[in-house]
Amino acid sequence: MKILFHGAAHEVTGSCHLVECAGRKILIDCGMFQGRSELTEDNAAKFGFEPSEIDMVLLTHAHLDHCGRLPLLVKRGFKGEIIATSATRDLARLVMLDAAHLQEEEARRHHRHGRRGGSREALYDTMDALDAVDRFGRNATYRKTLSLFDGIEATFFDAGHILGSASIRLDLTEHGRTRKVLFSGDLGPDNRPLLNDADPPEDADVVVMETTYGERDHRGLEASIAEFLAAIRATTGRGGNVIIPTFALERAQELLWFLREGMASDEIEKSLRVFLDSPMAISATRIFARHDEALRPELAKIIRKGRDPFQLPELHFTRETQDSIALNEIRSGAVIMAGSGMCTGGRVRHHLRHNLARQESAVIFVGYAAEGTLARIIVDGAKHVKLFGEEIPVRAQIHTINGFSAHADQSDLKRWLARTRHPEKIFLVHGEKKSMEAFAKGLDPAKVVMPELHQSCEL
């Protein structure tokens with residue numbers, strides 16, 4: 001009985017943990033590494049295990065760094081079942097198909113421009129993504145135990161991170177001994193408007209825990225909303241645009257909610273033009289309405305009455321590329337929300353190209369930015385950045401509002417862990433070194449392990 005760490009070890013992304021018990025191999029997540037440019041090679045590298053030998057995958061949630069390599073896993077021989085919540089299943093389909101499309105586009109662009117290094121093939125294509133969708137089997141329901149194999153049971157618990165997100169506890173029995181192993185997945189902050197708070201089990205012998213924000217607390221939500229609305233008022237007042245690099249799952253929907261509330265309270269103009277320039281975010285917003293079982297009761301009630309909780313008077317969805325390009329002609333008075341949140345790709349890079357150099361415009365970052373990403377470079381104070389081969393000066397007002405993060409902060413993480421009744425071993429993952437070390441200071445050193453990539457640990 002053991003666990004092997006094939007991703008998110010000493011870094012935030014690339015979630016992939018392998019559990020071996022009673023002759024079975026079960027994978028928890030299979031996500032992409034994100035951030036540094038050289039991670040293209042990391043994503044294409046061998047997993048550290050043989051995909052055809054994996055019996056089952058349990059998926060915590062649908063973010064790319066947790067599900068993004070599932071199509072590659074299937075392409076390389078995985079033929080087992082993938083289990084997730086119903087909402088995660090719908091969102092993961094969207095995310096994987098989008099990832100396949102982007103990789104196909106990048107491969108064509110690389111070939112077309114004859115870039116150094118020769119041709120670059122996509123990790124996987126649309127058919128591989130659809131093959132991965134076909135591997136999804138049973139839907140998990142929070143707090144209902146699933147029997148996977150003899151001696152192996154799984155229970156999903158609400159993680160409060162994004163729609164359908166889960167922590168997963170495995171009850172493992174081998175040679176007459178049972179161990180309860182809890183994978184936190186990514187945890188959400190408490191008291192958010194759309195989702196319920198994280199709801200962990202009360203007992204676990206071993207915890208594998210994320211530490212994305214293990215070193216600090218977020219700013220309070222009310223103060224963050226006030227700063228957000230104030231930044232929009234100031235920018236439109238001086239004749240600029242607001243660019244918001246947006247994560248399509250959760251963040252886009254939450255920001256629409258805050259904008260709606262701001263208009264209702266007259267803190268921002270109801271006539272403000274808001275553009276959701278992300279096909280994935282548009283589709284994800286529709287998926288929200290399908291899964292009111294995963295939302296806070298008061299929000300679910302609004303949806304059941306047939307009302308759209310994300311609708312704004314001047315909200316425009318831009319699915320088509322030509323409509324997105326047309327936004328570059330708008331010089332003032334627009335809030336443009338576009339992916340990706342870390343600015344590693346997507347339409348937001350074009351909007352940055354047209355607005356970063358303008359003193360009257362603003363860029364508002366509302367989520368985590370991994371080391372090496374364009375978002376992190378701008379947040380850290382770069383005076384110039386390179387976009388599409390051009391050096392673009394950074395003259396726009398830059399706002400970083402981490403109170404909107406979909407990740408639990410240090411206090412949230414401590415409260416969550418405190419509810420698991422003193423586990424014997426705590427593996428810290430999904431965090432940069434400084435974050436893990438800061439969080440570990442409050443824990444019993446004899447219990448804490450910060451595993452290296454591909455490290456194997458006995459359970």
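Here is a short walk through this predicted model, one selection at a time.

**Stop one: the cysteines.** Start by selecting Cys30 and Cys16. There are zero disulfides anywhere in the structure. Cys30 has the sulfur of Cys16 as its nearest cysteine sulfur, 4.5 Å away, and takes part in no disulfide. That gap fits the count, because a disulfide needs the two sulfur atoms within 2.5 Å. Now check the surroundings: Cys30 has 0% relative accessibility, so it counts as buried. Jump along to Cys343 and you'll find a buried residue there too, with a relative accessibility of 0%.

**Stop two: residues 252-378.** Select this stretch next. An unreviewed UniProt entry annotates it as "domain: Beta-Casp". Helix makes up 41% of the span and strand 13%. Pick out its two end C-alpha atoms and you'll see them 20 Å apart.

**Stop three: helix α7.** Select residues 251-264, which form this helix. How far should its 14 residues span at 1.5 Å a residue? The expected figure is 20 Å, and the end C-alpha atoms are indeed 20 Å apart, so the two agree. Try showing the surroundings as well: 11 of the 14 residues are buried, so α7 is largely enclosed by the rest of the structure. Among those buried residues are Arg251, Trp257, Phe258 and Met263. Just past the helix comes Asp266, with a positive phi near 60°.

**Stop four: salt bridges.** The whole structure has 29 of these, so let's visit a few.

- Select Glu424 and Arg179, whose side chains form a salt bridge with an N to O distance of 3.0 Å. This pair ties together distant parts of the chain, 245 residues apart: Glu424 sits in the loop between α13 and β20, while Arg179 belongs to strand β10. Buried or exposed, where does Arg179 fall? It is buried, at 8% relative accessible area, whereas Glu424 is partly exposed at 45%.
- Move on to Glu360 and Arg358, where the closest N and O atoms of the salt bridge are 2.9 Å apart. Glu360 is partly exposed, with a relative accessible area of 26%, and Arg358 is buried at 9%.
- Then select Glu371 and Arg376, which meet in a salt bridge at 3.9 Å, N to O. Glu371 is partly exposed at 47% relative accessibility, while Arg376 is buried at 16%.

**Last stop: a network.** Finish by selecting Arg169, Asp171, Lys180 and Asp203 together. Salt bridges with shared partners join these four residues into one network.

Notes:
Residues numbered from 1 in each chain as written. Predicted model: local features only at pLDDT ≥ 70, side-chain atom pairs only at ≥ 80, totals over all residues. Heavy atoms only, no water. Buried < 20%, exposed > 50% of the residue type's maximum accessible area, 1.4 Å probe, protein only. UniProt positions renumbered as here; feature names shortened; annotations may be inferred. Helix = DSSP H or I, 4+ residues; strand = E, 2+ residues; numbered from the N terminus. Expected span 1.5 Å × (residues − 1).
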